[in-house]
Amino acid sequence: MEEHTLTDRAKKLRKNMTKQERHLWYDFLSKRPEKWYRQKIIGNYIVDFYCEAFKLVIELDGSQHYEENAREYDKNRSTFLESMGNKVIRFTNTDIDSRFDSVCESIVQTLKWRIGDFSAKG
């Protein structure tokens, strides 16, 4: 994809977030002390949420992610993102709707583990 096309798409996705993306963003991530990005371009991909300091990608998956071709695409995408040192964590829209507090706690725990990963390397 051309860069301006990705940029335009990312802007459109930011403007038209899903209900679950809005919930995670406005009720949790935007209030966190870390700098978070919505619909961040990494390589040729747009990730739902990204924290550069912790190299953490958060993806929210709707039902379309369970189709065979989508699962393969997500696998390749995660492999690429992880090859750049990122950690990718995924939640379903149902997770956000039905166990929001657990999702938030899982993100906090992953951030803590990432601190440990970085301090062990450095």
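Okay, let's start with a question: which side chain does Arg90 meet in a salt bridge? It's Asp74, with 3.3 Å between N and O. Before I go on, keep in mind that this is a predicted model.

So, where do these two sit? Arg90 is in strand E4, residues 87–92, and Asp74 is in helix H3, residues 68–83, so the pair ties together parts that are 16 residues apart in sequence. Asp74 is buried, at 8% relative accessibility, while Arg90 comes out as partly exposed, at 28%.

Arg90 has another partner too. Its side chain makes a polar contact of 2.8 Å with the side chain of Asp61. You'll find Asp61 in strand E3, and at 8% relative accessibility that residue is buried. Put these together and you get a network of salt bridges linking Asp61, Asp74 and Arg90.

How many salt bridges turn up in the whole structure? A search finds six. Let me show you two others. One of them joins the side chains of Asp97 and Lys19, at 3.9 Å from N to O. Here Asp97 belongs to helix H4, residues 93–98, and Lys19 to helix H2, residues 19–27, so this bridge ties together parts that are 78 residues apart in sequence. As for accessibility, Lys19 is exposed, with a relative accessible area of 52%, and Asp97 is partly exposed at 45%. The other one I picked is Asp95 with Arg99, where the closest N and O atoms are 3.3 Å apart. Asp95 is buried at 16%, and Arg99 is partly exposed at 37%.

Now for an acidic residue without a bridge. Have a look at Asp48, in strand E2. Which side chain of opposite charge is nearest to Asp48? That would be Arg77, but it's 5.7 Å away. A salt bridge needs the atoms within 4 Å, and Asp48, though buried, has none. So what does the Asp48 side chain reach instead? The backbone nitrogen of Leu60, at 2.7 Å. If you skip its neighbours within four places in sequence, the contacts of Asp48 include Glu21, Tyr37, Ile58 and Glu59. Gln39 is also one of those contacts, and I'd like to stop there for a second.

Gln39 lies in strand E1, and is buried, with a relative accessible area of 2%. What catches my eye is the backbone: phi is positive, about 50 degrees, although Gln39 is not a glycine. Lys55 does something along those lines, with phi near 50 degrees, again a positive value in a residue other than glycine. But look at the setting: Lys55 is in the loop between E2 and strand E3, the latter being residues 56–61. With a relative accessible area of 27%, Lys55 is partly exposed.

While we're on loops, click on Asn44. You'll see it between strand E1, residues 37–42, and strand E2, residues 45–51. Buried or exposed, then, at 51% relative accessibility? Asn44 counts as exposed. And in space Asn44 is 7.6 Å from Leu6, C-alpha to C-alpha, even though the two are 38 residues apart in sequence.

Last topic: rings. The search of the whole structure gives three aromatic pairs. In one of them, Trp25 and Phe49 are stacked, 6.1 Å centre to centre with 5 degrees between the planes. Trp25 comes from helix H2 and Phe49 from strand E2, so that pair ties together parts that are 24 residues apart in sequence. Both of these residues, Trp25 and Phe49, are buried.

Then there's Tyr45 with Phe80. Their ring centres are 5.5 Å apart and the planes are at 50 degrees, so this pair is tilted. It links distant parts of the chain, with Tyr45 in strand E2 and Phe80 in helix H3, 35 residues apart. Tyr45 is buried at 17%, whereas Phe80 is partly exposed at 29%. Add Tyr73, and ring pairs link Tyr45, Tyr73 and Phe80 into a cluster.

One more ring before I sit down, and that's Tyr37. The charged end of Lys35 sits over the Tyr37 ring, 4.9 Å from its centre. Lys40 lies over the face of Tyr37 as well, at 4.8 Å from the ring centre. And remember, Tyr37 was among the contacts of Asp48. That's my tour, thanks!

Key: Residues numbered from 1 in each chain as written. Predicted model: local features only at pLDDT ≥ 70, side-chain atom pairs only at ≥ 80, totals over all residues. Heavy atoms only, no water. Helix = DSSP H or I, 4+ residues; strand = E, 2+ residues; numbered from the N terminus. Buried < 20%, exposed > 50% of the residue type's maximum accessible area, 1.4 Å probe, protein only. Lys, Arg positive; Asp, Glu negative; His and termini not counted. Polar contact = N/O pair within 3.5 Å; in protein donor to acceptor, adjacent residues only side chain to side chain. Contact = heavy atoms within 4.5 Å. Phe/Tyr/Trp six-rings, centres within 6.5 Å; stacked < 30°, edge-to-face > 60°. Lys NZ or Arg CZ within 6 Å of the ring centre and 35° of its normal.
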